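Okay, thanks everyone for coming. I've got one structure to walk through today, so let me put it up and then we'll start with a small puzzle.

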Amino acid sequence: MIEVTLLGTGSPIPDPDRAGPSTLIRAGEQTFLVDCGRGVQQRLAAAGSGANALTALLLTHLHSDHIADLGDVIITRWITTFTPDPAPLQIIGPPGTADVVAATLKAFGHDIGYRIAHHADLTGPPAVEVHEYTEGVVWDADGVRIVAAPTDHRPVAPTIGFRIEHDGASVVLAGDTVPCEGLDTLAAGAGALVHTVIRHDLVEAIPLQRIRDICDYHSTVEQAADTAARAGVGILILTHYVPSPARGQYDDWRALAATVFDRQIECGDDLHRVLVHPGVCSTSP
Ligand SMILES: [Zn+2]
Ligand SMILES: [Zn+2]
């Protein structure tokens with residue numbers, strides 16, 4: 001079984017009730033954080049986890065909303081890990097990730113210096129190991145296998161999605177993308193597909209061109225559902241809602257997805273949790 005927790009269901013637009021894009025995946029003894037938008041640490045704490053409990057951090061792309069709290073994750077893991085010689089935080093992302101991590105460590109350079117000077121048992125900067133991929137197997141350890149594939153969020157490029165497999169269960173995280181072959185292949189037959197979505201019908205009505213621009217590189221609810229249907233996934237999990245649904249509006253979002261996808265559709269507030277069992281893709285709702 002794989003446990004999916006939507007830690008942050010928001011977007012770049014600040015929302016009092018939604019953290020930025022971030023999803024927690026628990027598979028066996030391993031814990032993966034996929035993207036780390038604003039407020040991720042509060043949501044990690046609420047989900048009973050923390051930066052010091054992460055097996056690896058996976059980044060779908062380097063848009064600010066998806067990496068806003070990268071520095072907080074790195075620093076907090078560093079100062080809340082009390083074992084000597086802690087394992088480096090594994091960070092897996094598209095090309096460019098190493099630059100962003102290096103710049104983040106530089107931005108926190110003063111802080112890192114203060115803490116090393118103050119605590120005798122902190123003898124070096126945060127240990128991180130960055131791995132950049134555009135496709136292929138990115139993780140294979142202790143019964144969890146993770147494959148990456150290119151997505152299409154142009155002009156943001158390269159961007160990747162992840163497929164996490166454990167004990168017969170599988171979950172695909174699309175990140176931000178329009179429908180594309182890379183995602184279709186990655187999602188084929190998966191137990192669940194976590195897909196970011198925006199409502200073009202509502203966003204197109206906003207009289208601000210900069211806001212309307214976002215329609216051209218994000219999937220609509222129906223497009224995400226269509227991808228899920230084509231791939232034959234068991235559960236479609238919607239996140240990264242634009243505009244943010246008000247209370248009671250999730251039925252509208254689910255209904256739009258249901259016009260093209262007739263299996264289980266999940267959406268909800270931050271901390272919404274979905275259990276993905278082995279073989280779920282072959283069962284009807
Ligand atoms: Zn993006
Ligand atoms: Zn985004």
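So here's the puzzle: does K106 count as buried or exposed? Keep in mind that what you're looking at is a predicted model. K106 sits in helix 4, and if you count its C-beta neighbours inside 10 Å you get 10, so K106 goes down as exposed. The cut-off for exposed is 12 or fewer. One more thing on K106 while we're here: I25 is 81 residues away from K106 in sequence, and the C-alpha to C-alpha distance is 29 Å.

Okay, what does helix 4 do? Helix 4 covers residues 97-107 and packs on a sheet, where it touches strand 5 (89-93) and strand 6. Relative to strand 6, the direction of helix 4 makes an angle of about 155 degrees.

Helix 4 also has a helical partner. That's helix 3, residues 70-79, and the two axes come within 10 Å and cross at roughly 65 degrees. So we call helix 3 and helix 4 roughly perpendicular to each other. If you care about handedness, helix 3 passes helix 4 in a right-handed crossing. On the helix 3 side the contact is made by L70, G71 and I74, and on the helix 4 side by V100, T104 and A107.

Now the sheet itself. It's an open sheet of seven strands, the order is 6-5-4-3-2-1-14, and the pairing is mixed. At the edges you find strand 6, at 128-132, and strand 14, at 272-276, and each of those pairs on one side only. Ignoring direction, neighbouring strands are turned against each other by 20 degrees on average.

Let me step through a few of those pairings. Strand 3, residues 30-34, pairs with strand 4, residues 56-58, in the parallel sense, over three bridges. If you want a spot to click on, L33 has L57 in strand 4 as its bridge partner. Moving along, strand 4 and strand 5 run parallel and are joined by three bridges, and there L58 has I92 in strand 5 as its partner. Then strand 5 goes on to strand 6, parallel again, with five bridges, and I91 is matched with V130 in strand 6.

How many of the five residues of strand 5 are buried? Four of them are, so strand 5 is largely enclosed by the rest of the structure.

Next, have a look at the stretch with strands 7, 8 and 9. Strand 7 is residues 136-141, and five bridges join it, antiparallel, to strand 8. G136 has A148 as its bridge partner in strand 8. Those two strands make a hairpin with two residues between them, and D142 in the turn has a positive phi of about 50 degrees. On to strand 9, residues 160-166: strand 8 and strand 9 are antiparallel too, with seven bridges between them. Here P150 stands opposite I160 of strand 9. As for strand 8, residues 144-150, it's mostly covered, with six of its seven residues buried.

A quick word on annotation. The UniProt entry, which is unreviewed, places a "domain: Metallo-beta-lactamase" feature at residues 19-218. In the model, that span is 28% helix and 28% strand, and its end C-alpha atoms lie 19 Å apart.

Past that, we've got another helix pair. Helix 9, residues 221-231, packs with helix 10, residues 250-258, at an angle of about 50 degrees, and the axes are 8 Å apart. That makes helix 9 oblique to helix 10. The crossing is right-handed here as well. Who meets whom? V221, E222, A224 and A225 in helix 9 meet W253, L256 and A257 in helix 10.

Last stop is I235, which lies in strand 12, residues 235-242. I235 has 25 C-beta neighbours inside 10 Å, so I235 counts as buried; the cut-off for that is 20 or more. Leaving out residues up to four places away in sequence, I235 touches several residues, including G191, A192, R263 and Q264. V274 and V276 are also among the contacts of I235. And going back towards where we started, I235 and A103 are 132 residues apart in sequence, with their C-alpha atoms 38 Å apart in space.

Okay, that's my tour. Over to you.

How values were computed. Residues numbered from 1 in each chain as written. Chains lettered and ligands numbered in written order. Predicted model: local features only at pLDDT ≥ 70, side-chain atom pairs only at ≥ 80, totals over all residues. Pairing = 2+ DSSP bridges. Helix = DSSP H or I, 4+ residues; strand = E, 2+ residues; numbered from the N terminus. Axes fitted to C-alpha atoms, helices over the stretch in contact; angles between N-to-C directions. Contact = placed C-beta atoms within 7 Å. UniProt positions renumbered as here; feature names shortened; annotations may be inferred. Parallel < 35°, antiparallel > 145°, perpendicular 65-115°, else oblique. Left-handed = near helix turned anticlockwise from the far one by under 90°.
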